[in-house]
Amino acid sequence: MKILAVDFGDSRTGIAICDKGELLASPVCVIEEKHFPTTIQKTAAQAEEQGAELIVVGHPLNMDGSKGPRAQLCEEFAEKLRELVSVPVVLWDERQTTVSAIGFLNETNTRGKKRKQVIDAVAATIILENYLNYRRNHKEEE
């Protein structure tokens, strides 16, 4: 199934997609938009364009598992996105995703302006990889 992952941000929202076989997660783009409703519309358009059959939205819980303002905003984002798309939208715990993305960009020596442009798409890719790993390891729950 083609799954689209979203790393929602106030200014930049990263988008990633996997292949039908759910083997390879790849960055698609970064939506540079500060207007909340427009970001949702552009995300829905990406889901349609990519042929997504499921959308996974990063859910930034606090380290203790509680929900802060950012997690609540992502829940609202997912809820509004559900109204615009005909595929399921799920939230996925994204704790440490940005830290992992920064580590990856450090390893690949991605710096400066290019780093700022890709970090959100890399974070979305990591969210998707984590979700795919979970699906592979929990097939009996589906």
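Okay, Asp19: at 30% relative accessibility it counts as partly exposed, because the buried class stops under 20% and the exposed one starts over 50%. Keep in mind that this is a predicted model. Asp19 sits in the loop between strand 2 and strand 3. What does the side chain of Asp19 reach? The backbone nitrogen of Leu24, at 2.6 Å. If you skip the neighbours within four places in sequence, Asp19 is in contact with Met1, Lys2 and Leu24. There's also Ala52, which is 33 residues away from Asp19 in sequence, with 9.8 Å between the two C-alpha atoms.

Staying in that loop for a moment. Glu22 is in there as well, between strand 2 (12-18) and strand 3 (25-32). Glu22 has 14% relative accessibility, so this one counts as buried. Now check its backbone: phi of Glu22 is near 60 degrees, a positive value, and this is not a glycine. For background, most residues other than glycine have a negative phi. So if you're scanning torsions, Glu22 with its positive phi is one to click on.

Let me zoom out so you can place that loop. The protein has four helices and five strands. Reading from the N terminus, the order goes β-β-β-α-β-α-β-α-α. There are 142 residues, and 45% of them count as buried. On contacts: take those with a separation of 6 or more, and 61% of them come from residues 24 or more positions apart.

Next up, helix 4, residues 112-137, which is where you find Asp120. Is Asp120 buried or exposed? Buried, because its relative accessibility is 13%, and the cut-off is under 20%. So who does it touch? Not counting residues up to four places away in sequence, Asp120 touches Asp7, Arg12, Thr13, Gly14 and Val30. With Arg12 there's a side chain to side chain polar contact, at 3.1 Å. And Asp7 is 113 residues from Asp120 along the chain, yet their C-alpha atoms are separated by 6.4 Å.

Also in helix 4 is Val122. Val122 is buried too, with a relative accessible area of 13%. Its C-alpha is 9.9 Å from that of Ala25, and those two are 97 residues apart along the chain.

Last bit, the helix pair. Two packed helices are described by the angle between their axes and the distance between the axes. Here we're looking at helix 1, residues 36-50, and helix 2, residues 69-84: the axes come within 10 Å and cross at roughly 55 degrees. That makes helix 1 oblique to helix 2, because the angle falls in neither the roughly parallel class, under 35 degrees, nor the roughly perpendicular one, 65 to 115. As for the hand, helix 1 passes helix 2 in a right-handed crossing.

Which residues make the contact? From helix 1 you've got Phe36, Thr39, Ile40, Gln41, Thr43 and Ala44. Helix 2 brings Leu73, Glu76, Phe77, Lys80, Leu81 and Leu84. Sort the residues of that contact by type and you get seven nonpolar, three polar and two charged.

So, if you open the model afterwards, three places to look. Start with the Asp19 side chain and the Leu24 backbone nitrogen. Then go to Asp120 and its polar contact with Arg12. And finish at the right-handed crossing of helix 1 and helix 2.

Technical notes:
Residues numbered from 1 in each chain as written. Predicted model: local features only at pLDDT ≥ 70, side-chain atom pairs only at ≥ 80, totals over all residues. Heavy atoms only, no water. Axes fitted to C-alpha atoms, helices over the stretch in contact; angles between N-to-C directions. Helix = DSSP H or I, 4+ residues; strand = E, 2+ residues; numbered from the N terminus. Parallel < 35°, antiparallel > 145°, perpendicular 65-115°, else oblique. Left-handed = near helix turned anticlockwise from the far one by under 90°. Contact = heavy atoms within 4.5 Å. Nonpolar A, V, L, I, M, F, W, Y, C, P; charged D, E, K, R; others polar. Buried < 20%, exposed > 50% of the residue type's maximum accessible area, 1.4 Å probe, protein only. Polar contact = N/O pair within 3.5 Å; in protein donor to acceptor, adjacent residues only side chain to side chain.
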